[in-house]
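Subject: Structure for your files

Hello,

Here is the structure we discussed. My notes follow below it.

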Amino acid sequence: LHAALQALEAQINAGVQHPLMRELELPYPILVGRVSGGEWSSSVPDRLEAEGRLGVPVGADAAEARAQLEAVVAGALDDGEAPAAITWTGGAFLPGETAVDHAWTRRVADAIAHERRRPARIVGVPYGADMRLFTARGIPCVMAGTTGIERAHAVDEWVAVDELVTLARVVMRVLGP
């Protein structure tokens with residue numbers, strides 16, 4: 001199963017077309033974040049449960065991406081036993097996009113450039129965000145923030161105060177007249 005998921009991840013990330021996403025080392029990851037199996041430490045596990053995330057390319061249909069993953073899992077585990085049961089619960093890590101040349105994107109980028117005194121970097125990101133909820137409804141949205149994404153959601157998560165102040169100024173500039 002692990003090898004099949006790796007192959008699917010490689011397939012999804014081969015020839016990425018989106019200009020902001022193709023710059024990333026791994027634009028659309030498949031992650032397994034939680035695994036549990038068996039009931040007793042001294043017996044062979046009779047079950048395996050895993051939770052994870054499927055990277056869905058910008059512009060791709062989520063239902064088709066899910067069906068592709070389900071087919072890969074079914075094929076990898078086709079051993080005559082009961083098939084794997086896959087459920088799609090919790091957060092959905094679906095893509096979201098507002099065009100780089102959209103007026104809202106430009107407004108945010110201009111505010112960042114003014115406050116930081118250098119051009120804003122416009123990039124794609126491989127992680128899930130609520131931005132998708134806005135863009136799915138036709139509401140333009142971009143993400144902007146402080147540096148240090150590698151510290152996000154960690155035990156010792158922190159943000160530099162000067163960057164927080166700069167971000168607050170960016171928000172005021174974007175929302176102002």
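This is a predicted model.

Surface patch. Val35 belongs to strand β1, which covers residues 30-37. The residue is exposed, at 55% relative accessible area. Together with Val32 and Leu48, Val35 makes up a nonpolar patch on the surface, and the accessible area of the three adds up to about 290 Å².

Helix α3. This helix spans residues 103-116 and includes Glu115. Glu115 is buried because its relative accessibility is 12%, under the 20% cut-off. Not counting neighbours within four places in sequence, the contacts of Glu115 are Thr166, Arg169, Val170 and Arg173.

Backbone. Two residues that are not glycines deserve a look for their phi angles.
- Arg117 has a positive phi of about 60°. Arg117 sits in the loop between α3 and α4 (131-135) and is exposed, with 73% relative accessible area.
- His153 also has a positive phi of about 60°. Its place is the loop between α4 and α5 (161-175), and His153 counts as exposed at 77% relative accessibility.

Rings. How many aromatic pairs does the structure hold? The count is zero. There is, however, a charge over a ring: the charged end of Arg151 sits over the ring of Trp158, at 3.7 Å from the ring centre.

Regards

Definitions and conventions. Residues numbered from 1 in each chain as written. Predicted model: local features only at pLDDT ≥ 70, side-chain atom pairs only at ≥ 80, totals over all residues. Heavy atoms only, no water. Phe/Tyr/Trp six-rings, centres within 6.5 Å; stacked < 30°, edge-to-face > 60°. Lys NZ or Arg CZ within 6 Å of the ring centre and 35° of its normal. Patch = residues over 30% accessible without salt bridge, like charges linked within 9 Å, V, L, I, M, F, W, Y side chains within 5 Å. Areas by Shrake-Rupley, 256 points an atom, 1.4 Å probe, with all protein chains shown as cover. Salt bridge = Lys/Arg side-chain N within 4 Å of Asp/Glu carboxyl O. Helix = DSSP H or I, 4+ residues; strand = E, 2+ residues; numbered from the N terminus. Buried < 20%, exposed > 50% of the residue type's maximum accessible area, 1.4 Å probe, protein only. Contact = heavy atoms within 4.5 Å.
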